[in-house]
Amino acid sequence: MTAASPRRPALLRGGAVGALTAALALAAHGTASGMFPAGAATAQLLVLAGAVGAVASTPRRGVWPLLTELAAGQELGH
């Protein structure tokens, strides 16, 4: 077995933050209006989720930067 790369947890964290940002935004908009975003709004949401995930994949320590990135992703999703 090979040892895990030190970058792997950061990439997993970034992917999780990006996916959670998109999932929560879709669920919130679907619950509030009864309709999910379509077309350009969906594309914008995917770009936003990718950008937030990329920022979250930078190596950091602690939970506060992660919570700040999640909150910023939700705020920008509106």
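What share of the 78 residues in the chain do buried residues make up? Buried residues account for 24% of them, where buried means under 20% relative accessible area, exposed over 50%, and partly exposed in between (1.4 Å probe, protein chains only).

This is a predicted model, in which local features need pLDDT of at least 70, side-chain atom pairs count only at pLDDT 80 or more, and totals for chains, interfaces and linings use all residues. Residues are numbered from 1 along each chain as its sequence is written, and side-chain values use heavy atoms, with hydrogens and water left out.

**The whole chain**

Begin with the entire chain displayed. Its C-alpha atoms fill a box of roughly 45 × 25 × 15 Å, taken along the principal axes. The chain has three helices and zero strands; helices (H or I, at least four residues) and strands (E, at least two) are DSSP runs, numbered from the N terminus. Read from the N terminus on, the order of elements is α-α-α.

**Helices α1 and α2**

Next, select residues 8-33, which are helix α1, together with α2. The two pack at an angle of about 150°, with their axes 7 Å apart. That angle makes α1 roughly antiparallel to α2. Axes here are lines fitted to C-alpha atoms, for helices over the stretch in contact, and angles run from 0 to 180 degrees between N-to-C directions. Angles under 35 degrees count as roughly parallel, over 145 as roughly antiparallel, 65 to 115 as roughly perpendicular, and the rest as oblique. The crossing of α1 and α2 is right-handed, the near helix being turned clockwise from the far one by less than a right angle (anticlockwise would be left-handed).

**Helices α2 and α3**

Keep α2, residues 40-56, and add α3, residues 64-76. The axes of α2 and α3 come within 10 Å and cross at roughly 165°; the two helices are therefore roughly antiparallel to each other. This crossing, too, is right-handed.

**Arg60 in the loop**

Now select Arg60, in the loop between α2 and α3. Arg60 counts as partly exposed because its relative accessibility is 39%. Add Ala10 to the selection: Arg60 and Ala10 are 50 residues apart in sequence, yet 8.3 Å apart in space, C-alpha to C-alpha.

**Trp64 and its patch**

Finally, select Trp64, which lies in helix α3. With 64% relative accessibility, Trp64 counts as exposed. Add Val63 and Leu67: with Trp64, they form a nonpolar patch on the surface, with about 340 Å² of accessible area together. Patches are made of residues with over 30% relative accessible area and no salt bridge, like charges being joined within 9 Å and nonpolar side chains (Val, Leu, Ile, Met, Phe, Trp, Tyr) within 5 Å. A salt bridge is a side-chain nitrogen of Lys or Arg within 4 Å of a carboxyl oxygen of Asp or Glu. Accessible areas come from the Shrake-Rupley method with a 1.4 Å probe; for residues, only the protein chains shown count as cover.
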